[in-house]
There are 2 protein chains.
Amino acid sequence: MADIHPEHAHIIEQTKANMPSEEILEKTAEVFKVFGDKTRIRILAALSEGEMCVCCLCDLLEMSQSAVSHQLSVLKAARLIKNRREGKQIYYSLDDAHIGAILCTGISHVEEG
Amino acid sequence: MADIHPEHAHIIEQTKANMPSEEILEKTAEVFKVFGDKTRIRILAALSEGEMCVCCLCDLLEMSQSAVSHQLSVLKAARLIKNRREGKQIYYSLDDAHIGAILCTGISHVEEG
DNA sequence: TGAATATATGAACAACTGTTCATATGTTTA
DNA sequence: TAAACATATGAACAGTTGTTCATATATTCA
């Protein structure tokens, strides 16, 4: 690693002081990591239209029940979605408005090139 | 995979019709995947304060030059950052305003619990 | 209660990812 | 031009991740 030029030293200190804590940055990366998978993005995009049961998601995504269920549990553990039971079926939906907002911002970024 | 209840069939079709294309969803997942690493989030958070050269980033992050450089190339390939040369040094900065916005939304989500 | 339905979960495995180490490339200075 | 400096990059390796397969749990209905 190279030595630091004196004129850079205070920029480094100032930047360090202004940055969010390591804990916040770590958690933020974890959140984005959960968004960073095609299957999970497809699930979130579907749920942004409204709540949906597991079998509907399987049909919509054309994926096995097991694969969908595993990803739902990842999304739920990260508090990106929540669920409710109605008889035999379990309906999933986005956990809060932030989730839809993050998804939208990402999609917009891609669509606008 | 279970059979689809008739009353669910049109919800599935409608949701499918309203969802972004597979290509958009795939690219969106790829973007979030790049955000989904602690080292890269730290780099982006640092650059959101202003441009910075590689050796400053190494010092700030307390990481090897090689590790930082590899991640910078990932960020650049995904067009999240850009760079300019000034003499021996190369300064990196966020590619556009969207990047800072996505980062901020993610951090806010974490900070607000 | 037993069968059918809907969903969850553990194990296993291939594919992917991030760091390190060694080295290459490009720029400045002596 | 040679040495020093700043950054990039290929190979390798350990750790992580997403799917499949098999099976478990929970609810309803006959």
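**Close-up views of a predicted protein–DNA model**

**View 1. Chain A and chain B both reach DNA strand C**. Start with K88(A): one of its backbone N or O atoms lies 3.4 Å from a sugar or linking oxygen of DNA strand C. Please keep in mind that this is a predicted model. Now look across to chain B, where a polar side-chain atom of S64(B) lies 3.2 Å from a phosphate oxygen of this strand. S66(B) points to another part of the DNA: a polar side-chain atom of this serine is 2.6 Å from a base nitrogen of DNA strand C.

**View 2. A wider look at the surroundings of DNA strand C**. How many residues surround this strand? There are 26, and the closest are S69(A), Y92(A), T39(B), S66(B) and Q71(B). You can find your way by the elements that each supply at least two residues of this surface: α4 (54-61), α5 and β3 (89-94) in chain A, and α3 and α5 in chain B. Sorted by class, the surface near DNA strand C has eight nonpolar, twelve polar and six charged residues. Among the atoms of the strand within 4 Å of the protein, 63% belong to sugar or phosphate, while the rest belong to bases.

**View 3. Three polar contacts to DNA strand D**. Begin at Q71(A), which has a polar side-chain atom 2.6 Å from a phosphate oxygen of DNA strand D. Which part of the DNA does H70(B) approach? A polar side-chain atom of H70(B) lies 2.8 Å from a base oxygen of the strand. I90(B) uses its backbone instead, with an N or O atom 3.2 Å from a phosphate oxygen of DNA strand D.

**View 4. The residues and elements around DNA strand D**. Here, too, 26 residues surround the strand, and T39(A), S66(A), Q71(A), S69(B) and Y92(B) are the closest. At least two residues of this surface come from each of α3 (38-47) and α5 (65-77) of chain A, and from each of α4 (54-61), α5 (65-77) and β3 (89-94) of chain B. The classes near DNA strand D are eight nonpolar, twelve polar and six charged residues. For the atoms of DNA strand D within 4 Å of the protein, the share of sugar or phosphate is 62%, and bases make up the rest.

**View 5. Phenylalanine rings meet between the chains**. The structure has three aromatic pairs over all chains. In one of them, the rings of F32(A) and F32(B) have centres 5.9 Å apart and planes at 15°, so they count as stacked. This pair runs from helix α2 (residues 22-35) of chain A to helix α2 (residues 22-35) of chain B. F35(A) and F32(B) also pair, but these rings are tilted, with 5.0 Å between centres and 40° between planes. Together, ring pairs link F32(A), F35(A), F32(B) and F35(B) into a cluster.

**View 6. Helix α2 of chain A and what covers it**. What span should the 14 residues of α2(A) have at 1.5 Å a residue? The expected span is 20 Å, and the end C-alpha atoms are 20 Å apart, which agrees. Buried residues of this helix include I24(A), L25(A), T28(A) and A29(A). F32(A) is at 0% relative accessibility, so this ring-bearing residue counts as buried. The cover over the helix's buried residues includes α3, α5 and α6 (97-111) of chain A, as well as α2, α3 (38-47) and α6 (97-111) of chain B.

Terms used. Residues numbered from 1 in each chain as written. Chains lettered and ligands numbered in written order. Predicted model: local features only at pLDDT ≥ 70, side-chain atom pairs only at ≥ 80, totals over all residues. Heavy atoms only, no water. Near = heavy atom within 4 Å. Polar contact = N/O pair within 3.5 Å; in protein donor to acceptor, adjacent residues only side chain to side chain. Helix = DSSP H or I, 4+ residues; strand = E, 2+ residues; numbered from the N terminus. Nonpolar A, V, L, I, M, F, W, Y, C, P; charged D, E, K, R; others polar. Phe/Tyr/Trp six-rings, centres within 6.5 Å; stacked < 30°, edge-to-face > 60°. Buried < 20%, exposed > 50% of the residue type's maximum accessible area, 1.4 Å probe, protein only. Expected span 1.5 Å × (residues − 1). Contact = heavy atoms within 4.5 Å.
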